[in-house]
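Me: I should like to understand how the descriptive terms applied to this model follow from their definitions. May we work through them in turn?

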Amino acid sequence: VKTSTTKNKQTLHTVSLPVTTYAKLLNFVCAHFNGKLQGVLKIIGLSSSKKTTVKILQDVSGIVKPSRLTLLLGPPGSGKTTLLKALAGKLDKNLKVSGEITYCGHDFTEFIPQRTSAYISQHDLHYGEMTVRETLEFSRRCLGVGSRQMMLEELLRREKTAGIVPNFDVDAFMKATTVATKRASLFIDYVIKILGLDICVDTVVGDEMRRGISGGQKKRVTTGEMLTGPAKVFFMDEISTGLDSSTTYQIVNYLKQIAHIMDETLVISLLQPAPETFDLFDDIILLSEGKIVYQGPTENVLEFFESMGFKCPERKGTADFLQEVTSAKDQLYYWFDGNKPYRYVPVTEFVSAFKSFYIGKDLFEELRHPFDKGGTHPAALERMKYAISKWELFRACFAREWLWMKRNSIVFVFKTVQIAIMAMLASSVFVRTKMESGQMEGAAKYGGALFFSLNNVLFNGLPEIAMTTMKLPVFFKQRDLLFYPAWAFALPIWLLSIPVSLMESGILSIITYYPIGFAPGACRFLKQFLALFGIHQMSLSLYHFAGVLGRIEVIATTIATFALLVFFVLGGYIVARYDIASWIRWGYYISPVMYGQNAIAINEFLHERWNMPIGNSTEPSIGIAFLEQRGMFTTERWYWISIVALFGFCLLFNLLFILALKYLKRK
């Protein structure tokens, strides 16, 4: 069954980007408040230059042919990346765009371009802990089979109507490639074989800190990640970055087989392809100064420039010639028409000449006739934002997060050992034989021990910031490619952090509670364990949110540290509630540390052993006197209020974590 999926027609006219230059110290502020603030800066004389408009692409029109391997060629700054992103529907919203892009006559409002096509960046972003097969399986699981199931059903219906008995092997292969399961499918093996990844299929991808596959193999994994999905059109931006010419040739050769065998359409941007790599392409789009100079078959491109008086030398690579022939500095060396004196031919003149060239005439003649929407197969364009159900998305992300935790188990083992060592140090410093529970001096020591326990729990989760920021580049890529929504990524992180919190809070409580000599009784022990668990969960949620808010480890750590300092100052232990200035006392009630400190202090000092009065006075008991001295609450109900508040902060920070993942962009 052949559909018109790969018949994609694109027309892009003008893309303009306003660029404003300001004084260096005001760049960041002006980028966010680019309206009224500019007027104020102009009035006070701090605006250092006028606004200018940079036109990235101008009057760009053309057609990307189906099942063809197209080379997008042009010098740096010619607009190649912008064109690829425009065709893939990934242009920055700050750009001013006029014109339209259509797939099979349908504009972007009629389907989901991010699933119908795929923009593949030059950066290879993957989880270094996952193997090649696991990476492709996760991609297949999230992206789904797309229209393959519908096409198979239609094929079976037509075969039944026509009375055709299919070949057993072909029938089995087609049915196997439409199965979407969490385990490896035949289609994954098919992609692995075509891309030549079978020699490293069970090797981890690797990263800066972990040895893995080679750079060329990573490029193939990046391509294979999208080939497993429903996309039929691929826009690849500078995929040869960091690769030698031999590796680039192998990758492009694999992609050519994919275009012809799997009926895909590929547009690949390369800066300086070798001659043997250039010969692999079916079509070429030559871009210069934001304009298309030539678009058509590669075998006719030299003929066009010879008609303009320029000829490629015998020992000169065609790709190098095409990039230099439009340059004012190099154009002279290729002039070969001895009957006419050389004169500089600008890009605009090349563009006009191409419209008169026979290939250009055929192209623009085809553009004059709109594509017939009626001939488009229902399965040609993807109209669902996500391929699978919410439950399946959650299961896929949960399984990957669990795998990631197992591969990084050394981090969690180290954190557990660290909190165990700190708990033993606390037990030796605050040993019960040196602390008397019936005196005011002893109350202060027990208060210090509780505060130390709270600090242990809070700061033991700091590595979560680094682990969160480490995942973000892959998340942002997959979020933009509609692998899964933000909540599907955040929820497994939260749920899988609960056992970690239970274990670390339990170790701290077990090692410190009875050696230090806190209030005896199983109920009091369990209540302190619950409070420490709530504090640990709150801190992990805060670190996750800070990691996404900063997006860079240094910035995220600064944000989290600043928040903790504010929470500690307003927490009621360093500065008592009554000593906090009245104008900022409201901060006491929004500090999570305050609720944690109150919960563990109330649990300890409202025990009956602290009920004895101070000397012979009629003052409150030692426990209540200590709580009042520190400005804490003195009733049991505030323990449960504090517990609810801690889990409320945990929920709040996780919601902010999800919102930040959903709306913030990568840095």
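Reply: Glu 401 is a suitable start, as its relative accessibility is 6% and it therefore counts as buried. The term is reserved for residues under 20% relative accessible area, while exposed means over 50% and partly exposed the range in between (1.4 Å probe, protein chains only). The model is predicted, so local features need pLDDT of at least 70 and side-chain atom pairs pLDDT 80 or more, whereas totals for chains, interfaces and linings use all residues. Residues are numbered from 1 along each chain as its sequence is written, and side-chain values use heavy atoms, without hydrogens or water.

Me: Why is Lys 471 classed as it is, buried or exposed?

Reply: Lys 471 has a relative accessibility of 6%, which is under the limit, so it is buried.

Me: What makes the contact between Lys 471 and Glu 401 a salt bridge?

Reply: The closest N and O atoms of Lys 471 and Glu 401 are 2.7 Å apart. A salt bridge requires a side-chain nitrogen of Lys or Arg within 4 Å of a carboxyl oxygen of Asp or Glu, so this pair qualifies. The bridge joins distant parts of the chain, with Lys 471 in helix H19 and Glu 401 in helix H16, 70 residues apart. Elsewhere, Lys 415, Glu 464 and Glu 504 form one network through salt bridges that share partners. The whole structure holds 22 salt bridges.

Me: How do you know that the salt bridge of Glu 366 and Lys 65 links distant parts of the chain?

Reply: The side chains of Glu 366 and Lys 65 meet at 3.1 Å, N to O. Glu 366 belongs to helix H15 (residues 358-368) and Lys 65 to the loop between strand S2 (52-64) and strand S3 (69-73), and 301 residues separate the two. Glu 366, at 28% relative accessibility, is partly exposed, and so is Lys 65, at 30%.

Me: Where do Arg 395 and Glu 392 lie?

Reply: Both residues are in helix H16, three residues apart, about one turn of the helix. Helices here are DSSP runs of H or I with at least four residues, strands are runs of E with at least two, and both are numbered from the N terminus. An α-helix has 3.6 residues a turn, so residues three or four places apart point the same way. The closest N and O atoms of Arg 395 and Glu 392 are 3.3 Å apart, and the pair forms a salt bridge.

Me: Which residues does Arg 400 touch beyond four places in sequence?

Reply: Contact means heavy atoms within 4.5 Å. Arg 400 touches Tyr 127, Met 130, Phe 138, Val 474, Gln 478, Tyr 484 and Phe 489. Arg 400 lies in helix H16 (residues 390-407) and, at 5% relative accessibility, counts as buried. Its C-alpha atom is 9.7 Å from that of Phe 489, although the two residues are 89 apart in sequence.

Me: What makes the length of H18 agree with that of a helix?

Reply: The expected span is 1.5 Å times one less than the number of residues. For the 20 residues of H18 this gives 28 Å, and the end C-alpha atoms are 29 Å apart, which agrees. Of these 20 residues, 14 are buried, so H18 is mostly covered. Ser 453 lies in H18 and is buried, at a relative accessible area of 2%. Beyond four places in sequence, Ser 453 contacts Leu 508 and Leu 532.

Me: Which residues of H22 are buried?

Reply: They are Ala 556, Ala 560, Ala 563, Leu 564, Phe 567 and Phe 568. These residues cover an arc of only 135° around the axis, and therefore lie on the same side of H22; the arc is taken from the directions from the helix axis to the C-beta atoms. Val 554, Phe 562 and Leu 565, on the other side of H22, are exposed. The cover over the buried residues includes helix H21 (522-550) and helix H26 (637-663).

Me: Why is Met 424 called partly exposed?

Reply: Met 424 has a relative accessible area of 47%, which falls between the two limits, so the term applies. Met 424 is in helix H17 (residues 409-429).

Me: How much of the protein chain counts as buried?

Reply: Of its 667 residues, 52% count as buried. The secondary structure comprises 26 helices and nine strands.
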